[in-house]
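Student: I should like to learn how the terms used for a protein structure are justified. May we take one example and reason from its values?

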Amino acid sequence: MSGTHTPPSIHHDHPGEQGAEDPIRLLEIRDGALSVDEVFAAVGDRAAGGTALFVGTVRSHDGGSDVDGLGYSAHPTAAEELRRVAEKVVADYPVRALAAVHRVGDLAIGELAVVVAVSCPHRAEAFAACRKLIDDLKHEVPIWKHQTFSDGAEEWVGA
């Protein structure tokens with residue numbers, strides 16, 4: 001066809017391994033129940049060969065003591081810090097899609113506290129990126145845990 005110009009295609013050794021246009025699909029800090037299905041669905045990507053998902057739950061013990069329950073509190077900048085952490089993971093790994101949701105408020109034993117997931121072209125990358133995401137979230141995002149123990153003791157973690 002005359003008068004039309006088709007730009008040359010960009011060659012990739014492995015089609016689909018270039019970064020997704022908007023790989024950060026879901027980032028939230030919320031006071032309602034979390035859903036593994038919601039986070040997993042958010043990172044679905046046809047070019048991803050591996051998806052890694054981490055679920056953190058409230059456990060019944062910590063440091064040898066029985067836990068009755070806990071509450072999470074977030075600093076007003078927590079959402080911004082969560083985005084910064086997610087952007088760093090996307091910059092460092094071939095992420096196709098990423099999602100992270102953390103709960104605040106009072107939680108009972110067994111409830112979901114955090115759900116993160118990452119999809120990448122290959123499983124090793126997905127595992128590494130997911131681990132980096134949860135580790136950095138726990139170390140850098142200002143969310144604090146207040147635990148109450150069966151013996152009446154209390155403890156702030158991360159404050």
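Tutor: The discussion below sets values against cut-offs, and the model is a predicted one.

Student: What makes the contact of Arg 84 and Glu 81 a salt bridge?

Tutor: The N to O distance between their side chains is 2.9 Å. The cut-off for a side-chain nitrogen of Arg and a carboxyl oxygen of Glu is within 4 Å, so the pair qualifies. The two residues are three residues apart in helix 2 (residues 78-92), which means that about one helical turn separates them.

Student: Why is Arg 84 called partly exposed, and how is Glu 81 classed?

Tutor: Buried requires under 20% relative accessible area and exposed requires over 50%, so values in between are called partly exposed. Arg 84 has 37% and Glu 81 has 23%. Both values therefore lead to the class partly exposed.

Student: Why do Arg 83 and Glu 87 count as a salt bridge?

Tutor: Their closest N and O atoms are 3.9 Å apart, and the limit is within 4 Å, so this pair also meets the rule. Arg 83 and Glu 87 are four residues apart in helix 2, again about one helical turn. Arg 83, at 37% relative accessibility, is partly exposed, and so is Glu 87, at 42%.

Student: Is Arg 103 buried or exposed, and with which residue does it form a salt bridge?

Tutor: The relative accessible area of Arg 103 is 9%, and the cut-off for buried is under 20%, so Arg 103 is called buried. Its salt-bridge partner is Glu 111, with the closest N and O atoms 3.1 Å apart. Glu 111, at 27%, is partly exposed. Elsewhere, Arg 25, Asp 45 and Arg 96 are joined into one network by salt bridges that share partners.

Student: How many salt bridges does the rule give?

Tutor: The count is twelve.

Student: How do you know that Cys 120 and Cys 130 are not joined in a disulfide?

Tutor: A disulfide is a covalent bond between the sulfur atoms of two cysteines. The closest cysteine sulfur to that of Cys 120 belongs to Cys 130 and is 9.2 Å away. The cut-off is within 2.5 Å, so the distance is too far for a bond. The structure holds zero disulfides. Both cysteines are nevertheless buried, Cys 120 with a relative accessible area of 0% and Cys 130 with 5%.

Student: What makes strand 5 and strand 7 paired strands?

Tutor: Pairing requires at least two bridges. Strand 5 (residues 97-103) and strand 7 (residues 112-120) have six bridges, in the antiparallel sense, so they are paired. Within this pair, Ala 99 stands opposite Ala 117 in strand 7.

Student: Why are strand 1 and strand 2 said to stand at the edges of the sheet?

Tutor: The open sheet consists of four strands in the order 1-5-7-2, with mixed pairing. Strand 1 (24-30) and strand 2 (50-57) each have a single partner strand, so one side of each lacks a neighbour in the sheet. Neighbouring strands of this sheet are turned by 5° against each other on average, direction ignored.

Student: Which helices pack on the sheet?

Tutor: Helix 2 touches strand 1 and strand 5, and its direction makes about 150° with that of strand 1. Helix 3 (residues 123-140) touches strand 2, strand 5 and strand 7, and its direction makes about 145° with that of strand 7.

Student: Why is Ala 41 called exposed?

Tutor: Ala 41 lies in helix 1 (residues 36-42). Its relative accessibility is 57%, and the cut-off is over 50%, so Ala 41 counts as exposed.

Student: Which residues of the largest nonpolar core touch the most other members?

Tutor: Nonpolar side chains tend to be buried together in soluble globular proteins. The largest nonpolar core here has 28 residues, and Leu 98, Val 116, Val 118 and Leu 133 touch the most other members. Strand 4 (65-74), helix 2, strand 5, strand 7 and helix 3 each give two or more residues to this core. Helix 3 gives the most, with six residues. Leu 133 touches residues including Val 85, Val 89, Leu 98 and Val 116. Another core, of ten residues, lies apart from the largest one and has among them Leu 34, Val 39, Ala 97 and Ala 99.

Note on methods:
Residues numbered from 1 in each chain as written. Predicted model: local features only at pLDDT ≥ 70, side-chain atom pairs only at ≥ 80, totals over all residues. Heavy atoms only, no water. Buried < 20%, exposed > 50% of the residue type's maximum accessible area, 1.4 Å probe, protein only. Axes fitted to C-alpha atoms, helices over the stretch in contact; angles between N-to-C directions. Contact = heavy atoms within 4.5 Å. Core = buried A, V, L, I, M, F, W, Y, C linked by side-chain atoms within 4.5 Å. Lists of a residue's contacts leave out its neighbours within four places in sequence.
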